[in-house]
Amino acid sequence: MGGTVRGRAEERAAALIDAVRLRLVEAGAPPTSGSVAAALRAARPPLGGGDALDAVRVLRSELVGAGPLDQLLGEPDVTDVLVNGPEEVWVDRGAGLERAVGIRFVDADAVRHLAHRLATTAGRRLDDARPWVDARLPDGTRLHAVLPPIAADCTHISLRICRSRPFTLDELVVSGSLPAAGAELLSDLLRARLSLLISGGTGTGKTTLLAAILGLVGPGERIVLAEDSAELRPDHPHVVRLQSRPPNQEGLGELTLRDLVRQALRMRPDRLVVGEVRGAEAVDLLSALNTGHEGGCGTVHANTAADVPARLEALGSLAGLDRLSLHSQLRAALEVIVHLVREPGTGLRRVAEVHVLGGNDRGLAVTTPAMTFTARGGCEPGPGWDRLRHRCAVRGVALPRSLR
């Protein structure tokens, strides 16, 4: 009986949404709170004053917001919201994924409808011909959605919330993401204009750390960002943001990340930044770092800092660069790897290691640990620490003999 009552209530709610949507279309009115309230009054639902206000909020959320997900997206500690089905909504509040209690959709069609609407809001196409989308919503939230039959059972939606203000290194220290000595080290590496990549797995905080570091760049420097979807928002007065674009319905007009890196080099960057190195653009970035664009940086997916050369080797092969040529470029271009991990159990995202790059007797690039940060906030220098100190000293930045 309870299921039947709930089903009827959901049917009435869906009918009311359709009625309000139709009246807004007929009136040619944008879905503001006022226009939605007027359309709701015209539909004459049996609601009291307080219920009517709640209905206006719900209806506007369904028409232009994220529907049932709006409640989660409004929580300040939420970083990710994932929809696997009408009754399978998951949320990450910084300690790992958990089931979102009380958040559900009417049916699978409602999930698909929301995915379509969010994709349209982002100016992207999502239909049977192109059943996936990876885009940025106007508020900065990153959207990824996949339609059936790519998704086996139901439309899947993944939302990663972009913080309205980027974290500072001091705030990351307070949160336990790195010790104070580690923040000072990263600041020194930036001042020394060492080229670096931030590595780590999915959801370890690579973009968060990169934005915090870029906030330390001097105000007289020009930062040019190249990203697949505009995600980096450093607190800096002079930032140029370039974003890639998928092909249109005719298969034309695509702008790849590699195109953006090439254009960025012609825009007088003091700091060239690739949001995430994931393809053939790795070769263009290394070439840029080898031709006078010092202090460039970006992020890359890798399980460990030691895996980064192999990861870049695989990406370089996509551009047709042979192994030894890629490693030769890599040794000359990249100087530091900053690796992040996410602690099992607690979900804490933290900086785990800083490596320096060098070469072996076979001409291949290898990394050497320069500093390891423990989960308890300790600092342990590694065999590459003296090499890192020397590289900074050459650039006029003196690192201490040890960190504590």
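Ile198 sits opposite Thr299 of S11, a pairing that belongs to the parallel match of strand S7 (residues 196-200) with strand S11 (residues 297-301), held over five bridges. The model is a predicted one, and everything below is read from it. S7 and S11 are both part of an open sheet of nine strands with mixed pairing, laid out in the order S9-S8-S10-S11-S7-S12-S13-S14-S15. At the edges of that sheet come strand S9 (239-243) and strand S15 (379-381); each has a single partner strand, so one side of each goes without a neighbour in the sheet. From one strand to the next, the twist averages 25°.

Two helices can be placed against this nine-stranded sheet. H9 packs on the sheet and touches strand S8 (223-227), S9 and strand S10 (271-274), with its direction at about 165° to that of S8. Helix H11 (residues 308-318), for its part, lies across S7, S11, strand S12 (336-342) and strand S14 (365-373), and runs at about 90° to S11.

Each of these helices also has a helical partner. A packed pair of helices is described by the angle between the axes and the distance between them. For helix H9 (residues 257-264) and helix H10 (residues 281-289), the axes come within 8 Å and cross at roughly 15°. With the cut-off for roughly parallel set at under 35 degrees, that angle makes H9 roughly parallel to H10. The crossing in which H9 passes H10 is left-handed. On the H9 side the contact involves Leu257, Arg258, Val261 and Arg262, and on the H10 side Glu281, Asp284 and Leu285. Sorted by class, the residues of this H9 and H10 contact come out as three nonpolar, no polar and four charged.

The other pair is H11 with helix H12 (residues 323-333), which pack at an angle of about 125° with their axes 10 Å apart. That makes H11 oblique to H12. The crossing of H11 and H12 is right-handed. Here Pro309, Leu312, Glu313 and Gly316 of H11 meet Arg323, Leu326, His327 and Leu330 of H12. The class count for the H11 and H12 contact is four nonpolar, two polar and two charged residues.

Now for the other sheet. An open sheet of six strands has antiparallel pairing and the order S3-S2-S1-S6-S5-S4. Strand S3 (97-99) and S4 take the edge positions, each with a single partner strand, so one side of each is left without a neighbour in the sheet. Ignoring direction, neighbouring strands of this sheet are turned by 15° against each other on average. Helix H5 (residues 108-121) packs on the sheet, in touch with strand S1 (80-85), S4, S5 and S6, and its direction makes about 45° with that of S6.

Within the six-stranded sheet, S5 has strands to either side in the order. On one side, S4 and S5 pair in the antiparallel sense over five bridges. Trp132 has Val146 in S5 as its bridge partner, and Val133 stands opposite Ala145 of S5. On the other side, five bridges join S5 to strand S6 (residues 156-160), and the two run antiparallel; here His144 is found opposite Ser158 of S6. As for burial, four of the five residues of S5 are buried, so S5 is largely enclosed by the rest of the structure.

The turn between S4 and S5 deserves a closer look. The hairpin of S4 and S5 has five residues between the strands, and in it Gly140 takes a positive phi near 100°. Asp139 is found in this same loop, between strand S4 (132-136) and strand S5 (142-146). Is Asp139 buried or exposed? With a relative accessible area of 51%, Asp139 counts as exposed, since the cut-off for that class is over 50%. Asp139 and Arg163 are 24 residues apart in sequence, and their C-alpha atoms lie 9.4 Å apart in space.

Conventions
Residues numbered from 1 in each chain as written. Predicted model: local features only at pLDDT ≥ 70, side-chain atom pairs only at ≥ 80, totals over all residues. Heavy atoms only, no water. Axes fitted to C-alpha atoms, helices over the stretch in contact; angles between N-to-C directions. Parallel < 35°, antiparallel > 145°, perpendicular 65-115°, else oblique. Left-handed = near helix turned anticlockwise from the far one by under 90°. Contact = heavy atoms within 4.5 Å. Nonpolar A, V, L, I, M, F, W, Y, C, P; charged D, E, K, R; others polar. Buried < 20%, exposed > 50% of the residue type's maximum accessible area, 1.4 Å probe, protein only. Pairing = 2+ DSSP bridges.
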